[in-house]
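Reader: I have a model open in front of me and would enjoy a guided close look at one part of it. Could you take me through that part step by step?

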Amino acid sequence: MTAPPGSSRPRTGAGRPPLATRTTRLSLRRLNRWQAEGLREDLADLYAESCATTPGWEHRRRKDFLRRLTHDTWRPGFTMLTAQAPGLVGYAFGFPVARDGSWWSGFRGPLPQDVAQLTTSGRVFALSGTVVRPSERHHGLADRLQEHLLADRRALLGVTLVDRTHRAACAGFRSRGWHDIGLLYRPPGPTVLRALVLPLGDQG
């Protein structure tokens, strides 16, 4: 499930303003599973910093994140993109959705036909998480990380899951062209997730 990327703005194309006004240059780096595992503590620290949570729940949230990250890193095709300036200020990660459709388990109702067909053909990429330091949220870093992560994939469709109670995050994705296709129930717990998709490249 993707983490709420904070305040997001619609795409502005070539007129996009700079990511930030800073004295140090921001660089993007693509990591494989082994490199991501080597940074797991730093990744978890930034996740904990970026999440507003009830006092006393920080350790549990961090532990849950590390468990999910470890699970995702072992998915075939896992990749992560980090942003550094020069320390870690954000990252996004994901993986290709399996052709057998198991990733969609718990989807409420029939899966849209075009989504099912693209899944079967192996052309769907799941954006599993986006984490950005709070001070970077108004500079479009979450948008840039997501766009770069998806840009080099062979996928024709990006997908992500957002807790349906995170209305601001859902609205942010929609403002950038993502489409809501329904709800998905994913155990453990009573969490109900909103499934969002983003067409990529030429689907003609």
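What is the order of the strands in the open sheet, and what kind of pairing does it have? Please also tell me what packs around the sheet.

Author: Happy to. One thing to keep in mind is that this is a predicted model. The open sheet has 7 strands in the order β1-β2-β3-β4-β5-β7-β6, and its pairing is mixed. At the edges are β1 (27–31) and β6 (179–185), each of which pairs on one side only. From one strand to the next, the twist averages 25°.

To place the sheet in the chain, it helps to read the elements from the N terminus on: β-α-α-α-β-β-α-β-α-β-α-β-β. That makes 6 helices and 7 strands. Among contacts between residues at least 6 apart in sequence, 71% join residues at least 24 apart.

Let's walk through the sheet, beginning with β2. This strand covers residues 79–84, and Thr79 is found in it. Thr79 counts as buried because its relative accessibility is 5%. Leaving aside neighbours within four places in sequence, the contacts of Thr79 are Arg30, Leu31, Ala92, Phe93, Gly94, Phe125, Leu149 and Arg153.

Next comes β3 (residues 88–96), which pairs with β2 in the antiparallel sense over 6 bridges. Within that pairing you can find Thr82 opposite Tyr91 of β3. Helix α2 (residues 40–50) packs on the sheet here, touching β2, β3 and β4 (124–132), and its direction makes about 105° with that of β3.

On to β4: β3 and β4 also run antiparallel, joined by 7 bridges. Tyr91 appears again in this pairing, standing opposite Val131 in β4. As for cover, 9 of the 9 residues of β4 are buried. The pairing of β4 with β5 is parallel, over 3 bridges, with Val124 opposite Leu157 in β5. Helix α4 (residues 113–120) lies across β4, β5 (157–163) and β6, and runs at about 95° to β4.

Now for helix α5, which deserves a careful look. It is largely enclosed by the rest of the structure, because 8 of its 11 residues are buried. Those buried residues are Leu141, Ala142, Asp143, Arg144, Leu145, Gln146, Leu149 and Leu150. Their cover includes the strands β1, β2, β3, β4 and β7, along with helix α6. A general point about helices is handy when you turn this one on screen: an α-helix has 3.6 residues a turn, so residues three or four places apart point the same way.

The packing inside leads to the largest nonpolar core, which has 23 residues. Leu141, Leu145 and Trp178 are the residues with the most contacts inside this core. Two or more residues each come from β2, β3, β4, α5 (141–151), α6 (167–175) and β7 (192–199). The largest share is that of α5, with 5 residues. If you centre your view on Leu145, you will find it in contact with Leu28, Leu81, Thr82, Ala83, Gly90, Tyr91, Ala92 and Val132, leaving aside neighbours within four places in sequence. Another core, of 17 residues, lies apart from the largest one, and among its members are Val97, Ala126, Leu161 and Ala195.

A short detour to helix α3 is worthwhile, where you will find Arg62. Not counting residues up to four places away in sequence, Arg62 touches Glu41, Ala44 and Asp45. Cys51 is 11 residues from Arg62 in sequence, and their C-alpha atoms are 9.7 Å apart.

For the chain as a whole, buried residues make up 42% of the 204 residues. The accessible surface comes to about 10600 Å², and 53% of it belongs to carbon and sulfur atoms.

Finally, a friendly word on confidence. The chain averages a pLDDT of 83, and 81% of the residues score at least 70. Among the elements, α4 has the highest mean pLDDT (96), while helix α3 (residues 58–73) has the lowest (86). Residues 3–22 have a pLDDT below 50, although in the model this stretch has 46 contacts beyond near neighbours in sequence. Where pLDDT is low, the predicted coordinates should not be read in detail.

Methods:
Residues numbered from 1 in each chain as written. Predicted model: local features only at pLDDT ≥ 70, side-chain atom pairs only at ≥ 80, totals over all residues. Heavy atoms only, no water. Helix = DSSP H or I, 4+ residues; strand = E, 2+ residues; numbered from the N terminus. Buried < 20%, exposed > 50% of the residue type's maximum accessible area, 1.4 Å probe, protein only. Contact = heavy atoms within 4.5 Å. Areas by Shrake-Rupley, 256 points an atom, 1.4 Å probe, with all protein chains shown as cover. Pairing = 2+ DSSP bridges. Axes fitted to C-alpha atoms, helices over the stretch in contact; angles between N-to-C directions. pLDDT = per-residue confidence, 0-100. Core = buried A, V, L, I, M, F, W, Y, C linked by side-chain atoms within 4.5 Å.
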